[in-house]
Structure formats: C-alpha cells, structure tokens
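Student: I would like to go through this model piece by piece. Can we start from a single side chain and work outwards?

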Amino acid sequence: MIRLKTILPIVLLLVIMLNVVYCATVYVKVLDENGNVVSDVLVEAWQGLEKVSSGTTNASGIATLDVDTSKNVTFIASLGSGKYVIDTFVAPLTTGATYVLNASALYKVFVATNTTYSIPVEFEVPDYGTVKTSFSTNYTMYVDGVIKLVFPNETSVELFKKLVFVELKYDGMVSNSSILETTVTAPMNVTACYKIYAAIPLPTWLLVLIIACVIVLTTLIIVVGRAGKKTLETRRKRYIK
C-alpha cells in the first residue's frame with residue numbers, strides 16, 4: 001500500500017508545476033498619444049480580475065512583465081497627469097513577444113464630474129474578465145472595445161458633506177444609471193453629475209438627544225451661576241452690616 005506521506009509530495013509538486021507551466025515573460029512597449037515612446041512609466045498586467053505583474057518602462061519605452069500566457073491579459077500604463085493607456089490581448093500569448101500599448105491607435109475617453117471633487121470610479125473590461133480596478137475622476141484613458149464604468153451612487157467628500165448621483169452625460173445622451181457599459185469606437189467625454197448635500201453622520205434620534213443634552217446643560221449652568229451670584233450678594237450684604 002502506498003503511504004500518504006509518499007503521495008503528498010508528488011501531488012504538491014504536480015500542483016506547483018500546473019500553476020507555473022504557463023507563466024512566462026513578455027514585453028510591453030508604451031507609446032503616448034503622439035506615438036512617441038514613454039520611459040519610466042508604470043505598466044500593470046491584469047488577469048482574472050487581479051493584478052499579476054507590474055514593471056517600469058526603460059529608455060526604449062519597454063517594460064518586462066510575467067504573465068500567464070494561457071489567459072487573456074489587460075495591460076494598463078500610467079502616462080502621468082491622469083492619463084492611462086489600456087489594451088487587452090487575447091490568449092494564447094507568446095513567450096518573449098513584445099505587445100504594444102499605443103495611445104495614438106486607441107480612442108480618448110475623458111471621465112469627469114460636474115463638481116470640483118475627485119470621485120473613485122470602478123473600471124472593467126467585461127468581455128474578457130481581466131481587470132477590475134478604480135481611477136479617480138478627471139482622468140483620461142485611451143481604450144477601444146467594450147468598457148464598463150461604475151460610479152458611486154453616494155460618496156462623502158467633506159465633513160458633513162456628501163455627493164449623491166443624479167445622472168450621466170455622454171455622447172449627447174443622458175442616463176440616470178450610475179453604470180455605463182459601452183463600446184468605444186470614437187473619442188468621447190463622460191460626465192457624472194452629482195448634487196451636494198449636507199450629510200448628517202449621526203442618526204437623527206442621537207443628534208436630537210445630543211442637542212437636548214446641550215440645552216439642559218446650558219440651562220443648568222445658567223441657573224447655577226445665577227444662584228451662586230445671588231448667594232454671593234447675600235453674603236456680601238451680611239458682611240457689610
């Protein structure tokens with residue numbers, strides 16, 4: 001009979017081999033909106049809704065990343081100043097190959113709000129299920145194909161202030177949904193409209209209780225103060241007599 005202690009190491013070895021057999025190095029070249037190479041920028045690789053690797057471009061605009069070549073991958077390069085180049089490549093990928101993130105070959109999408117506040121927005125590539133991350137509003141991304149943007153229905157921005165979602169404006173259209181899933185085939189602007197409200201961080205009953213306690217305490221202080229003053233005046237009169 002084969003002992004469990006003998007089988008276990010073999011099973012573990014097979015599991016490790018299955019996990020790393022498709023992991024390989026690829027290269028990503030980044031070009032900006034003018035087609036120029038961009039050095040010293042961060043490039044991320046996303047697979048299965050997780051960031052699996054990242055690297056920085058060299059003087060030639062090339063970053064080295066390790067990915068699972070058997071899975072689709074989305075590369076995201078941050079160009080700085082709120083600009084991102086995002087492109088997805090379908091499996092199988094080729095080990096040692098160079099994949100180009102070319103902003104000039106993609107479409108410019110500007111995401112903003114009608115306020116001066118920065119709001120987090122979830123970003124997904126729903127057709128491939130590769131990435132789920134978030135950016136702050138007032139950013140530009142260069143993409144194509146189907147994208148999904150999820151804006152918060154409500155978010156706090158300052159003490160006692162909150163933003164409540166009203167509508168989305170894009171391509172001359174207006175939507176009351178905070179989720180936008182669209183196919184990008186041309187440059188576009190997306191504006192999320194919010195209304196500012198005064199936020200009460202405490203339950204109403206608790207706020208009323210606190211106010212009542214403040215009023216009672218203030219009244220007691222006034223009453224005690226007056227009583228003390230009256231007592232002092234009485235003692236002074238006795239002392240003078």
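Tutor: The side chain of T115 reaches the backbone nitrogen of Y117 at 3.2 Å. That is a polar contact, a pair of N or O atoms within 3.5 Å; within protein, one must be able to donate a hydrogen and the other to accept it, and residues adjacent in sequence count only if both atoms are side-chain atoms. This is a predicted model: local features need pLDDT of at least 70, side-chain atom pairs count only at pLDDT 80 or more, and totals for chains, interfaces and linings use all residues. Residues are numbered from 1 along each chain as its sequence is written, and side-chain values use heavy atoms, with hydrogens and water left out.

Student: Which side chain is joined to that of T115 by a polar contact of 3.1 Å?

Tutor: T115 sits in the loop between strand 8 and strand 9. Strands (E, at least two residues) and helices (H or I, at least four) are DSSP runs, numbered from the N terminus. The 3.1 Å contact runs from the T115 side chain to that of T113.

Student: Is T115 buried or exposed?

Tutor: Buried means under 20% relative accessible area, exposed over 50%, and partly exposed in between (1.4 Å probe, protein chains only). Not counting residues up to four places away in sequence, T115 touches L163 and Y194. Its relative accessibility is 14%, so T115 counts as buried.

Student: What share of the residues in the protein chain is buried?

Tutor: The protein chain has 2 helices and 17 strands. Contact means heavy atoms within 4.5 Å. Of the contacts in the chain with a separation of 6 or more, residues 24 or more positions apart account for 60%. Among the 241 residues, the buried share is 34%.

Student: How many residues are in the largest nonpolar core?

Tutor: A nonpolar core is a set of buried Ala, Val, Leu, Ile, Met, Phe, Trp, Tyr and Cys residues joined through side-chain atoms within 4.5 Å. In the largest one, V109, F123, M141, L149, F151, L168 and V190 touch the most other members. Strands that each supply at least two residues include strand 8 (107-113), strand 14 (161-170) and strand 17 (188-198). The count for this core is 28 residues.

Student: How many residues does the second, separate core have?

Tutor: Its members include V38, V73, V85 and Y99. The second core is separate, with 22 residues.

Student: What is the volume of the largest pocket?

Tutor: A pocket is an open set of points on a 1 Å grid over the protein atoms alone, where a 1.4 Å probe fits, with protein on both sides within 12 Å along at least five of seven lines; lining residues have an atom within 4 Å of a point. Grid points are joined across faces, edges and corners, and the volume is the space filled by probe spheres set on the points. For the largest pocket that is about 160 Å³.

Student: Which elements give two or more residues to the lining of the largest pocket?

Tutor: The lining includes I86, D87, T88, F123, Y128 and I147. By class there are 7 nonpolar (Ala, Val, Leu, Ile, Met, Phe, Trp, Tyr, Cys and Pro), 3 charged (Asp, Glu, Lys and Arg) and 2 polar residues (the others, Gly among them). The elements are strand 6 (83-89) and strand 12 (145-150).

Student: Which side chain makes a polar contact with that of T74?

Tutor: T74 lies in strand 5 (residues 73-80). T74 is buried, at 0% relative accessible area. Beyond four places in sequence, its contacts include W46, I86, V125 and T130. The polar contact, at 2.7 Å, is with the side chain of T88.

Student: How far apart in space are Y22 and V67, C-alpha to C-alpha?

Tutor: Y22 is in the loop between helix 1 (4-20) and strand 1 (23-31). Y22 counts as partly exposed, at 46% relative accessibility. The two residues are 45 apart in sequence. In space, the distance is 7.9 Å.

Student: Where is the cis peptide bond that leads to P92?

Tutor: P92 lies in the loop between strand 6 and strand 7 (98-102). Omega is near 0 degrees for the bond from A91 to P92.

Student: What is the phi of S81?

Tutor: S81 is in the loop between strand 5 and strand 6. S81 is exposed, at 78% relative accessibility. Its phi is positive although S81 is not a glycine, at about 55 degrees.
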